[in-house]
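I opened this entry to look up how the aromatic rings are arranged, and I wanted centre distances and plane angles for each pair, since a pair of aromatic rings is described by the distance of the centres and the angle of the planes.

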Amino acid sequence: AEQLGVRLDEAEKDMTEALTLNPDQPAYLDTMAEVHFAKRDRKTAVKWSAQAVNYAPLNDNMIRHQYERFANDPFPEN
């Protein structure tokens with residue numbers, strides 16, 4: 001589990017860098033939400049996911065599905 005935590009921290013750092021360059025990229029925002037969801041931080045995951053929904057095309061149901069998942073589903077098993 002410790003190694004997973006380190007990898008999630010690395011992923012968060014990489015996504016922060018990517019979002020600095022492209023702050024309204026829905027896929028990057030969704031990935032940042034996924035990182036926080038994996039860290040069991042629902043509030044932050046939902047915040048990032050809401051931004052992804054905001055920038056996603058109206059026909060992008062995957063981003064909207066992800067938002068519902070982060071808001072309502074149980075956390076992943078590590």
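I looked first at burial and noted that phenylalanine 37 and phenylalanine 70 are both buried (under 20% relative accessible area, with exposed over 50% and partly exposed in between, for a 1.4 Å probe and protein chains only). This is a predicted model, in which local features need pLDDT of at least 70, side-chain atom pairs count only at pLDDT 80 or more, and totals for chains, interfaces and linings use all residues. Residues are numbered from 1 along each chain as its sequence is written, and side-chain values use heavy atoms, with hydrogens and water left out.

I then took up the pairs, where rings of Phe, Tyr and Trp (its six-membered ring) pair if their centres lie within 6.5 Å, planes under 30 degrees apart counting as stacked, over 60 as edge-to-face and the rest as tilted. By this rule I have two aromatic pairs. In one, phenylalanine 37 and phenylalanine 70 are tilted, at 5.1 Å centre to centre and 55° between the planes.

For phenylalanine 37 and phenylalanine 75 I noted centres 5.2 Å apart and planes at 45°, so this pair is tilted. Phenylalanine 37 counts as buried because its relative accessibility is 2%, whereas phenylalanine 75, at 21%, counts as partly exposed. I recorded Phe37, Phe70 and Phe75 as one aromatic cluster.

Last, I found arginine 42 over the face of phenylalanine 75, at 4.5 Å from the ring centre (the rule asks for NZ of Lys or CZ of Arg within 6 Å of the ring centre and within 35 degrees of the ring normal).
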